[in-house]
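Here are a few notes to read alongside the model. Have it open while you go through them.

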Amino acid sequence: MKNTYYIGIDGGGTKTNFILFDSDKNSIASVLMPTIHPAQTSFKEAVSILTEAREKLLINIKDCDYDLKVGAGLGGYGINKDYRKKLEDEFSSVFEEFRLYSDAYAAMLGALGGDDGILIIAGTGSIGLAKIGENTYRCGGFGYRYGDEGSAYSIGKAIISAALKESDGRNKKSKIYDLVLEYFKMNSVNDIATSDFTREHIAGLAAEASKYIYSCESIKNIFERAAGEITLHIKALSEKFENKIKLSYIGGVFKSEFIMKMIKEMNPDIDIVSPIFPPEKGSILQV
């Protein structure tokens, strides 16, 4: 009887991580490659990346004959139909048997170990997902222009806004004013107001500000509001469930002990658990 091996893939806008699993779905080897996102690379290059990753992983298999199944959670796959078709064509050029999901869905499967429950992702952006049997529900995830509440970007943006208010007297000066100038290495908030920082740079301000949660009331309030926004995602998705709810989480915002404490206090009836598996393993749980 032939053994079955699995390749689990987590693909985003900047990189793609591949993990080879044995028949018991234990990790054997991994390789990190560039992105295969259709908006970031050509079809030819994406196929080349998939082929190279496949070759690097399969040299770790000692069996002469085996089955290979592939699961992938990919950025852009869940929403954009054109991206979805291109990604399916890319994979069919390299693999015979595969299943593709959105990166968020694969992350949810991994974090919950395939069980029903809720996953909240709060990194640079934010989104909530829920799984009940074969049904999946989404909350938030509308992007940084109009959504992504509770994300690191939204926290960073709120801190910048507070610094601008402190600069002209709308708010009393606090640690925020100096923190923002120091973080962006600027001499004036006017320079900050006219600068075009990346989302990631603004999101990074949240981690820096978290050091002062207990010494600056203004920063504490911003983080409390972020926890409240995350809780709104949780409450909306919780209405879909009839039984006890398991919730997991992914993203840099949850590195804040204060955020975690607030979310547990705001959601006392929910079982909050650390992620069980990474997205790569989540992508092969239903293969």
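Which helix do Glu-265 and Lys-261 both lie in, and how many residues apart are they?

1. That one is helix H9 (residues 257-266), where the two sit four residues apart, about one turn of the helix. Their side chains meet in a salt bridge at 2.9 Å, N to O (a side-chain nitrogen of Lys or Arg within 4 Å of a carboxyl oxygen of Asp or Glu). Glu-265 is partly exposed at 47% relative accessible area, and Lys-261 is too, at 43% (buried is under 20%, exposed over 50%, partly exposed in between, with a 1.4 Å probe and protein chains only).

2. A word on the source: this is a predicted model, where local features need pLDDT of at least 70, side-chain atom pairs count only at pLDDT 80 or more, and totals for chains, interfaces and linings use all residues. Residues are numbered from 1 along each chain as its sequence is written, and side-chain values use heavy atoms, leaving out hydrogens and water.

3. The structure holds 10 salt bridges. Another one joins Asp-67 and Lys-2 at 3.2 Å, N to O. This pair links distant parts of the chain, with Asp-67 in strand E4 and Lys-2 in the segment before E1, 65 residues apart (helices, H or I, of at least four residues and strands, E, of at least two are DSSP runs, numbered from the N terminus).

4. Now the sheet: five strands, open, in the order E3-E2-E1-E4-E5 with mixed pairing (strands pair if DSSP finds at least two bridges between them). E3 (27-34) and E5 (98-102) stand at the edges with a single partner strand each, so one side of each lacks a neighbour in the sheet.
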